[in-house]
Amino acid sequence: MSVPRTRNGASTPDPVADYVAALSTALHGPVGAKSRMIQEIRDGLTDTVEAHTRDGVPREQAAVLAVREFGTPDELVPGCQRELTIAQTRRTALSVTLTVPFLIACWHLIWTSGQSWQLQQTAQLVAVQLAAVAAVATLLTAAALAATGALARKLPTPERLPLAVAWAGTTAGVAMVVATLALAVLSPLATNWPLVTLAAMVTALSHGMVASSARACRRCARLPVS
C-alpha cells in the first residue's frame, strides 16, 4: 500500500499501516501463522476502507473509521495471541513427539551394538534415565497435540497447557544435551565410533530445533490472552 502524501510531498499518517504495525509488534508466535493472521487483518481493514470510500467517504477518514470499527490493538491482541500461543504449542509438541522417539531408537541401537561389557553398563544406565525423561515429555506433548487439535472443538484448551508443553520441550532438550555429551565421551571408546559420532551430531541438531521451539513456547505462554 502506498504511503499517502500531502501536496508538498510530506508523508501523512496511515492509520491502517500504523494499526497493523502495532499488532505485529505486540504479537508473538510461529512466523507463518503470525504472517497469515496479520495479512488477514490487513485485508479486512483494506476491504473496510474500500467500502467506506465507495460510500463517498474521503480515503483518510475512511481509514480512520475502519480502524475504529476493528477496535484498538489492545482489545484485539489478547484473542489473536491466544491463537498464536496454541499454534506455537502445537509446533513445540510436534517437534518433541516426532524427534524424541526417533532419537531414543538411535540411542538404543548404538548402545546395544558391539560395545564392550563395561561400556554397555555405563551406556545402559544413561539410556534408562534419558529414555524415562524423554518418554514422559513425549507423552505430554502427544496429549497436547490431541487437546489442541480435534478435542479443542469440544473441550476448552487448558490454560496452563502451553507452559507445560514448553517445559516438557525444555526437559527433552536438556536430555538431548546429556545424551550428546555421553555419546561424545563414549565415541572414542566405541567399536563403531563413526555411528556414535553421527548420532551425537543428529542429537545436537535435534536439540537446537526442540530447544528453540520450547523457548518460543515459553515466551508465548507468558503473554496475556483472552
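The following paragraphs describe how three helices pack together in this predicted model and then turn to its largest pocket.

Two packed helices are described by the angle between their axes and the distance between the axes. It is convenient to begin with helix 1, which covers residues 15-26, and helix 2. Their axes come within 10 Å and cross at roughly 160 degrees. Angles over 145 degrees count as roughly antiparallel, and helix 1 and helix 2 are therefore roughly antiparallel to each other. Their crossing is right-handed. On the side of helix 1, the contact is made by Val16, Tyr19, Val20, Leu23 and Ser24, which meet Lys34, Ile38, Ile41, Arg42, Leu45 and Val49 in helix 2. Sorted by class, this contact has 8 nonpolar residues, 1 polar residue and 2 charged residues.

Helix 2 spans residues 31-54, and its axis also comes within 8 Å of the axis of helix 3, residues 59-70. The two axes cross at roughly 130 degrees, which means that helix 2 is oblique to helix 3. Here too the crossing is right-handed. From helix 2, the residues Ile41, Gly44, Leu45, Thr48, Val49, Glu50, His52 and Thr53 take part; their partners in helix 3 are Arg59, Ala62, Ala63, Leu65, Ala66, Val67, Glu69 and Phe70. The residues of this contact comprise 9 nonpolar, 4 polar and 3 charged. Ile41, Leu45 and Val49 of helix 2 appear in the contact with helix 1 and also in the contact with helix 3.

Helix 1 and helix 3 pack against each other as well, at an angle of about 30 degrees and with their axes 8 Å apart. Pro15, Val16 and Tyr19 in helix 1 meet Ala63, Val64, Val67 and Phe70 in helix 3. This contact consists of 7 nonpolar residues, with no polar and no charged ones. Val16 and Tyr19 of helix 1 thus take part here and in the contact with helix 2, while Ala63, Val67 and Phe70 of helix 3 meet helix 1 and helix 2.

Attention now passes to the largest pocket, which holds about 260 Å³ of space. Its lining has 13 residues, and those nearest its centre are Glu159, Arg160, Pro162, Ala221 and Val225. Helix 4 (73-111), helix 6 (161-186) and helix 7 (193-221) each supply at least two residues of this lining. Helix 4 gives the largest share, with 3 residues. By class, the lining residues divide into 8 nonpolar, 2 polar and 3 charged.

Methods:
Residues are numbered from 1 along each chain as its sequence is written. This is a predicted model: local features need pLDDT of at least 70, side-chain atom pairs count only at pLDDT 80 or more; totals for chains, interfaces and linings use all residues. Side-chain values use heavy atoms; hydrogens and water are left out. Axes are lines fitted to C-alpha atoms, for helices over the stretch in contact, and angles run from 0 to 180 degrees between N-to-C directions. Helices (H or I, at least four residues) and strands (E, at least two) are DSSP runs, numbered from the N terminus. Angles under 35 degrees count as roughly parallel, over 145 as roughly antiparallel, 65 to 115 as roughly perpendicular and the rest as oblique. A crossing is left-handed if the near helix is turned anticlockwise from the far one by less than a right angle, and right-handed if clockwise. Contact means heavy atoms within 4.5 Å. Ala, Val, Leu, Ile, Met, Phe, Trp, Tyr, Cys and Pro count as nonpolar, Asp, Glu, Lys and Arg as charged, and the others, Gly among them, as polar. On a 1 Å grid over the protein atoms alone, a cavity is a set of points where a 1.4 Å probe fits but cannot get out, and a pocket is an open set with protein on both sides within 12 Å along at least five of seven lines; lining residues have an atom within 4 Å of a point. Grid points are joined across faces, edges and corners, and a volume is the space filled by probe spheres set on the points.
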